[in-house]
Amino acid sequence: MSVTYTATLSVREETVLFVRDDTLTSSDQVVGALPYFVMAVSRRSTLALCGIVAGVGLLVATAMTSAIAGTPASDPAAGGCRATARVDAQWGTGTAAGQVLTVTITNTAATTATKWTVAWTLGAGQRVVSAWNATVSTTGTTVTAVNAAHNGVLAPAASTTFGMQLSGVAPTPAPSCGNDTSTSPTAGTTPPGGHDVTVTEADNQRNVTLIVGQTLGIALGPDFVTPTVSSPALERLSTSGGYPTGQPLTASYRAVAAGSADITTHTDYACLHASPPCALPTTLWTLRVTVVDGPDTGQTVTVSTADNLSTVRLRVGDTLVVNLPSAYLPPRVTTSGIVVQRDVAGGYPTGQPLVARYLAAAAGQTDVSTQTDDPCNHLPTPCPSPTVRWTIHIIVTTT
């Protein structure tokens, strides 16, 4: 049997978009056997096709993009890598909307890959809230994910996954993928990979704590000049792009000594140096970095669900391990610099137990907290499953 949909006709420049909407009553309607897709055809083709649709009830589109949450979307394997995205959960509308996304990376080459990078473009109004099992950065609307230390090596035909939570809702993306058996992704410029911390333009004025020996990667737009560093606590490893090259700016640093440093840069444009100069505003960008001596030579303290609402006392150099069931989200630390996250794995929505490690880096007090989540909480009719919160208070001393 056939299913008939009613679709609205909207014209934006030279593209006509047809979007399913069962409640439309406007005069700009086309009735036909439309699958559940967003379709795009040229203005000229649409005018011709509208007559066909009215007569036979069939619209043939030249391009289709899946808009079904949960339907995988992938980029054809580029050389030796293929990435497939899947929406695991989706909820809300407007500013309250969000998605949980899982991306599967497969090595399609005949040789083993040791690293991979995935990139795609965010939907309108979307931003990355959190990510796991990859280092994720955003430059403009381009998201770039670089493998974590534990999942970069992939044998032929082997796969791994990473996930993230996004604010805002968009169709399932078709990410591009690259590894060291193939070329880099083409959807965006790859920021520095393999760093302990990676920051982007969205991290302006952020405070970051590094341990001596850790590395920092910076990914900014092409209008930013080469950053300057205010202290020898950071050693510059590399820099490329930025004004006036026309290429995105990437820079790498290593924490070499305890102390603090500001990394600063600003935008520049050729027209600012013309006569008369243009009126484009200059954007300043600053990152405040604290470097601590934090050898994990102390004791290891492990906490679990039974330690909820307890106080944990650590000394500088101690390691804190958080072990929680798979339903818990990655924990958050209320005050930066007291305990520094070393790594985190599992937790919602990976289906694996949550394990997060922290190093006690400086004297002070902070809270580490998280809560449970469930896919059914994000359905139009949420399930009655209650959210369970978990928090520990941490006191770090020097002796």
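Reader: How many bridges join β18 to strand β21, and in which sense do the two run?

Author: Happy to start there, with one reminder: this is a predicted model. Strand β21 covers residues 259–266, and 2 bridges join β18 to it, the two strands running antiparallel. To see one spot along this pairing, find Thr228, which stands opposite Thr264 in β21.

Reader: Which sheet do β18 and β21 belong to, and in what order do its strands come?

Author: They belong to an open sheet of 4 strands, in the order β16-β22-β21-β18, with mixed pairing. At the edges stand β16 (207–211) and β18 (228–229); each has a single partner strand, so one side of each is left without a neighbour in the sheet.

Reader: Let me try another strand. What does β29 pair with?

Author: Take the partners in turn. Strand β26 (residues 332–333) is joined to strand β29 (residues 364–371) by 2 bridges, and they run antiparallel. Here Val333 stands opposite Val368 in β29. Strand β30 (residues 389–397) also pairs with β29 in the antiparallel sense, over 8 bridges. On that side, look for Thr370, opposite Trp390 in β30.

Reader: Now side chains, please. How should I read a salt bridge, and how many does a search of the whole structure find?

Author: The general idea is friendly enough: side chains of opposite charge can pair when their charged atoms come close. In this structure, the search finds 3 salt bridges. One joins the side chains of Arg86 and Asp88, at 2.6 Å from N to O. Arg86 is partly exposed, with a relative accessible area of 34%, and Asp88 is partly exposed too, at 30%.

Reader: What about Asp203 and Arg206: which of them is buried, and which is partly exposed?

Author: Their side chains meet in a salt bridge of 3.3 Å, N to O. Asp203 counts as buried because its relative accessibility is 16%, and buried means under 20%. Arg206 is partly exposed, with a relative accessible area of 35%.

Reader: And where in the chain do Glu235 and Arg254 lie?

Author: The side chains of Glu235 and Arg254 meet in a salt bridge, 3.7 Å from N to O. Glu235 lies in strand β19 (residues 234–242) and Arg254 in strand β20 (residues 247–255), so the pair ties together parts that are 19 residues apart in sequence. Glu235 counts as partly exposed at 36% relative accessibility, and Arg254 is partly exposed with a relative accessible area of 32%.

Reader: I would like to look at rings next. How many aromatic pairs does the structure hold?

Author: In general, a pair of aromatic rings is described by the distance of the centres and the angle of the planes. This structure holds 2 aromatic pairs. Trp116 and Phe162 form a stacked one, 5.7 Å centre to centre with 20 degrees between the planes. This pair links distant parts of the chain, as Trp116 is in strand β9 (residues 116–121) and Phe162 in strand β13 (residues 159–167), 46 residues apart. Trp116 counts as buried at 2% relative accessibility, and Phe162 counts as buried at 1%.

Reader: How far apart are the ring centres of Trp120 and Phe162, and at what angle are their planes?

Author: Their centres are 6.5 Å apart and their planes are at 25 degrees, so the pair is stacked. Trp120 in strand β9 and Phe162 in strand β13 are 42 residues apart, and the pair links distant parts of the chain. Both Trp120 and Phe162 are buried. Put together, ring pairs link Trp116, Trp120 and Phe162 into a cluster.

Reader: Which strands does β13 pair with?

Author: Two pairings are worth tracing. β8 is joined to β13 by 9 bridges, and they run antiparallel; Gln99 has Leu166 in β13 as its bridge partner. Strand β10 (residues 127–132) and β13 also pair in the antiparallel sense, over 5 bridges, with Arg127 opposite Ser167 in β13.

Reader: One last residue: is Thr106 buried or exposed, and what is it in contact with?

Author: Thr106 is in strand β8 (residues 98–107) and is buried, with a relative accessible area of 11%. Leaving aside neighbours within four places in sequence, Thr106 is in contact with Gly80, Cys81, Arg82, Ala157, Ala158 and Ser159.

Conventions: Residues are numbered from 1 along each chain as its sequence is written. This is a predicted model: local features need pLDDT of at least 70, side-chain atom pairs count only at pLDDT 80 or more; totals for chains, interfaces and linings use all residues. Side-chain values use heavy atoms; hydrogens and water are left out. A salt bridge is a side-chain nitrogen of Lys or Arg within 4 Å of a carboxyl oxygen of Asp or Glu. Buried means under 20% relative accessible area, exposed over 50%, partly exposed in between (1.4 Å probe, protein chains only). Rings of Phe, Tyr and Trp (its six-membered ring) pair if their centres lie within 6.5 Å; planes under 30 degrees apart count as stacked, over 60 as edge-to-face and the rest as tilted. Two strands pair if DSSP finds at least two bridges between them. Contact means heavy atoms within 4.5 Å.
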